[in-house]
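This report considers how the strands of a single chain are arranged and how they relate to its nonpolar core.

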Amino acid sequence: MKKLFVLLACLSLAVLLIAGCATETPIGAEADAEITMPAAKKVMKEACTTIQDGVLLSSTGYVLELGYDQWGYNYQGRIFNGLYCDSYRDAAWCQDYKDDNLAMKWNDAWLANTDCDGDGKLDRHAGFPAYIGSGAWLTNHMSGTYEGEDGKTKKWNYFVKIVAVPLDATTSDGVWYTADGAEIGPVIWGAFAVIQEVYNDQGTGEHGLLYKSLAPSGFGFYQP
Ligand SMILES: [Ca+2]
């Protein structure tokens, strides 16, 4: 479990950081009280630049292409499949986890596969000034093995759902709540909440749900 917690601390920052804007970390609720309708939904599709156009850039300056890149990102498919550390471009700090696997999926609001606002990069929280209330979601599925105290290989896996909370959500003691007072889940990166976690570990015997939101844990509940 110790290893898992380290991984969680870094979790899915990958998608937030890699494709665009380390400086654009999700913003909290306070600045966004007057957000109304998503403007980008009205943008004509033909006004948007696609990955196929061959001009959109990653944050590190390479041209995005269709299909999986060398790290395991498939921005067109809104998916990552690969090694955990490769989601961070094989970063030096990550080497203790280099054998672990990661699959991520995200929706258009988290990171679109088009650029409709004309900045040359894939859009984030398209149509919204920030992630909160955008309906953005991300899932992470991690897995790996380690040597148990009995010397045998033990498998573990972990699954988590993260959503951008609704505009009218509130926080208390590190937990997001709906306007009706239902617990959405623990705060992660300001405007996001963890709404479901599953952990299985052959070594410890842990199996099943670690956490499930008391508000609906389906993504539909969070769509604007
Ligand atoms: Ca853009």
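Helices (H or I, at least four residues) and strands (E, at least two) are taken here as DSSP runs, numbered from the N terminus. On that basis the chain, which is a predicted model, reads along its sequence as α-α-β-β-β-β-β-β-β-β-β-β-β-β, with two helices and 12 strands in total. Of its 224 residues, 30% count as buried, and among contacts with a separation of 6 or more, 59% are between residues 24 or more positions apart.

Strand β11 takes part in several antiparallel pairings, which are set out below with one bridge partner for each.

| Strand pair | Sense | Bridges | Residue pair |
|---|---|---|---|
| β7 and β11 | antiparallel | nine | V160 and E197 |
| β10 and β11 | antiparallel | two | I188 and F192 |
| β11 and β12 | antiparallel | three | E197 and Y211 |

E197 of β11 thus appears twice, as the bridge partner of V160 and opposite Y211 in β12. The strands β10 and β11 also form a hairpin with three residues between them, where W189 in the turn has a positive phi of about 50°.

The largest nonpolar core has 44 residues, and those with the most contacts inside it are W137, I162, V163, A164, V165, F192 and A193. Two or more residues each come from β4 (101-106), β6 (137-147), β7 (153-164), β10 (183-188) and β11 (192-201), and β7 gives the most, with six residues. Leaving aside residues up to four places away in sequence, W137 touches W106, N107, W110, K161, I162, V163, F219 and Y222.

Definitions and conventions:
Residues numbered from 1 in each chain as written. Predicted model: local features only at pLDDT ≥ 70, side-chain atom pairs only at ≥ 80, totals over all residues. Core = buried A, V, L, I, M, F, W, Y, C linked by C-beta atoms within 7 Å. Buried ≥ 20, exposed ≤ 12 C-beta atoms within 10 Å, placed from the backbone. Contact = placed C-beta atoms within 7 Å. Pairing = 2+ DSSP bridges.
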